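Me: I would like to learn how to read a protein structure feature by feature. Could you take me through one slowly?

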Amino acid sequence: MEMKISLFDGSSPNDPMASRILQLLSTRQAEHFVLSKMAIAPCAGEFRCWTRTPGICKNNDDNLLLARAMVQSDLLVLLTPLTFGGYSSHLKQGLDHLIQDFSPFFCKVQGETHHKRRYKSYPNLCVFGWAEKEDPQAEQIFRHLVGRNAINFNARRACCYLFYPTQSDEEIGNSIDRALGGSRAEPLPNHLERRKSFDASTGAETPAKTLLLVGSPRKSQSTSFCLGTYLCSRLNQEAIRTKTVQLYGRPKGEEAERLLFSTIAEVDLVVLAFPLYIDTLPAPVIDFLERLSSHRKTHPDTKAPHLVALVNCGFPEASQMDNVLALLSQFCKEAGFVWGGGMALGGRHGLGDKPLAKWGSSTLAIRAALDLASEALSHGQAIPQQAVELLAKPQYPSALFRFGAQFFWKKEGANHGIRKAFHARPYVEN
């Protein structure tokens, strides 16, 4: 029986490296999805594909084709240029919707919390990336991201290859043959060696202006907004002016983008707050950073603000967000920012319902961590390791968290008339 291959192509139009790789792949029978040409709305983060229409996204667009292709394939191949060590925004726009192929319930995998399977089997994973030149840090981030995806996608085998313009077609072709022939490049890392704050810089001038960028589709109702606005309120108390911009739903067009880039160039500190999506940044945030990086490369004399990150996810282990913080440190290197460090909060979905201080004693540790961070940032210093570790400390043991989450998701489903349908498998015969 012939292996069924689905190819998710995250390249931009007229990318010469993508053309070379696709030409070498042309002899393989694969269903080719060019994501830059597909109509895919951003994931809204509402979890309707878990609690209202199990297994199916509410957006009736091309994302449904990708979700179906994934679970009906033997091999999923991803193509992407290296974007700060991660995936392109085109590819990520499709991958963000693959959560509909997994159950909302949790299980333990390799000592961590992950989602249970919705389907009996999932495809193996093969990722081909390319870059203009070699960069060991970007390559490490990329390989680690693929390793993390392999766990969450339930891939039995996974491999990752990086290509460069200096390589011959024969070299690239041989790598493709090895990958699609079932060979494995080398063991993919599941954990990233964590340097202290990923080499955050210290010793900057005391900031006078701060810009909070909120990268969550839930906007002011999000945990990201809740964390970011609390940190900025503490900076306000130190006479540091702050402004907030929502990356989702922001005004479009060249003039609006130019004004936002000008605002960024005028501030001393940028705080990026966002949720983890499929092990990395949400697609619209990647798209924004791609555009920002391109702009700053054409304006080399632009001021270099500090950038810090606040990331949160539904898994209780904050270590699952190490990769995205490393990616943002890589972004700073490529886009001319100064990396001031990042903080990760696990297992605390839904804090956006009200300001952080109004949650009472349940957020004491979170506020203490952000207080430590704001104190350092107000003096031009990087986020201290003590603050990072305090925010990362889980509120409950992981096993207790998974047990409680079972009841939470069942209750959410029951509120919408969903019970057994939680286990619906819409893209295969039940």
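What follows is a conversation about sheets, buried residues and empty spaces in this structure.

Reply: Please keep in mind from the start that this is a predicted model.

Me: Let us begin with the sheets: in what order do the strands of the open sheet of five strands lie?

Reply: The general idea is that strands of a sheet pair through backbone hydrogen bonds, either parallel or antiparallel. In this structure the order of the open sheet is S9-S8-S10-S11-S12, and the pairing is parallel. The strands at the edges are S9 (241-246) and S12 (338-346), each of which pairs on one side only. From one strand to the next, the twist averages 15 degrees.

Me: How many bridges join strand S8 to strand S10?

Reply: Five bridges join S8, which covers residues 209-214, to S10, which covers residues 269-275, and the two strands run parallel. To find your place in this pair, look for leucine 213, which stands opposite leucine 272 in S10. You can then look for helix H8 (residues 254-266), which packs on the sheet and touches S8, S9 and S10, while its direction makes about 135 degrees with that of S8.

Me: Which strand pairs with S7 in the parallel sense?

Reply: That partner is strand S6 (residues 124-130), and the pairing with S7 extends over six bridges. Within this pair, valine 127 stands opposite cysteine 160 in S7.

Me: Is strand S7 mostly covered or mostly exposed?

Reply: Strand S7 (residues 158-163) is mostly covered, since six of its six residues are buried. Looking along S7, you will find that Ala158, Cys160 and Leu162 point one way, that Cys159, Tyr161 and Phe163 point the other way, and that all of them are buried.

Me: How should I read a single residue, and is glutamate 112 buried or exposed?

Reply: A residue is called buried when its relative accessible area is under 20%. Glutamate 112 has a relative accessible area of 4%, so this residue is buried. Glutamate 112 lies in strand S5 (residues 112-117), and its contacts, leaving aside neighbours within four places in sequence, are Cys107, Arg148, His191, Glu317, Ser319, Gln320 and Arg402. One of these partners, glutamate 317, is 205 residues apart from glutamate 112 along the chain, yet their C-alpha atoms are separated by 7.0 Å.

Me: Serine 319 appeared among those contacts, so where does serine 319 lie?

Reply: Serine 319 lies in the loop between S11 and helix H10 (322-335). Its relative accessibility is 37%, and therefore serine 319 counts as partly exposed. Serine 319 and histidine 416 are 97 residues apart in sequence and, from C-alpha to C-alpha, 33 Å apart in space.

Me: Why does asparagine 312 count as buried?

Reply: Asparagine 312 counts as buried because its relative accessibility is 9%. This residue is found in strand S11, and, with neighbours within four places in sequence left aside, asparagine 312 is in contact with Thr223, Ser224, Leu227, Phe274, Pro275, Leu276, Met321 and Leu345. Tryptophan 339, which is found in strand S12, also counts as buried, because its relative accessibility is 4%.

Me: Now the empty spaces: how many cavities of 30 Å³ or more does a search of the whole structure find?

Reply: The general idea is that rolling a probe the size of a water molecule over the atoms shows where empty space is left. Here the search finds four cavities of 30 Å³ or more, and the largest cavity holds about 120 Å³ of space. This largest cavity is lined by 14 residues, and the closest to its centre are Cys43, Ala44, Phe47, Cys49 and Cys57. The lining of the largest cavity divides into six nonpolar, four polar and four charged residues.

Me: What volume does the largest pocket have, and which element gives the most to its lining?

Reply: The volume of the largest pocket is about 1200 Å³. Its lining is made of 43 residues, of which Phe47, Cys313, Gly314, His349 and Trp409 lie nearest the centre. Strand S4 (102-109), helix H7 (223-236), strand S11 (306-313) and helix H13 (398-415) are the elements that give two or more residues to this lining, and H13 gives the most, with six residues. By type, the lining of the largest pocket divides into 22 nonpolar, 16 polar and five charged residues.

Key
Residues are numbered from 1 along each chain as its sequence is written. This is a predicted model: local features need pLDDT of at least 70, side-chain atom pairs count only at pLDDT 80 or more; totals for chains, interfaces and linings use all residues. Side-chain values use heavy atoms; hydrogens and water are left out. On a 1 Å grid over the protein atoms alone, a cavity is a set of points where a 1.4 Å probe fits but cannot get out, and a pocket is an open set with protein on both sides within 12 Å along at least five of seven lines; lining residues have an atom within 4 Å of a point. Grid points are joined across faces, edges and corners, and a volume is the space filled by probe spheres set on the points. Ala, Val, Leu, Ile, Met, Phe, Trp, Tyr, Cys and Pro count as nonpolar, Asp, Glu, Lys and Arg as charged, and the others, Gly among them, as polar. Two strands pair if DSSP finds at least two bridges between them. Helices (H or I, at least four residues) and strands (E, at least two) are DSSP runs, numbered from the N terminus. Axes are lines fitted to C-alpha atoms, for helices over the stretch in contact, and angles run from 0 to 180 degrees between N-to-C directions. Contact means heavy atoms within 4.5 Å. Buried means under 20% relative accessible area, exposed over 50%, partly exposed in between (1.4 Å probe, protein chains only).
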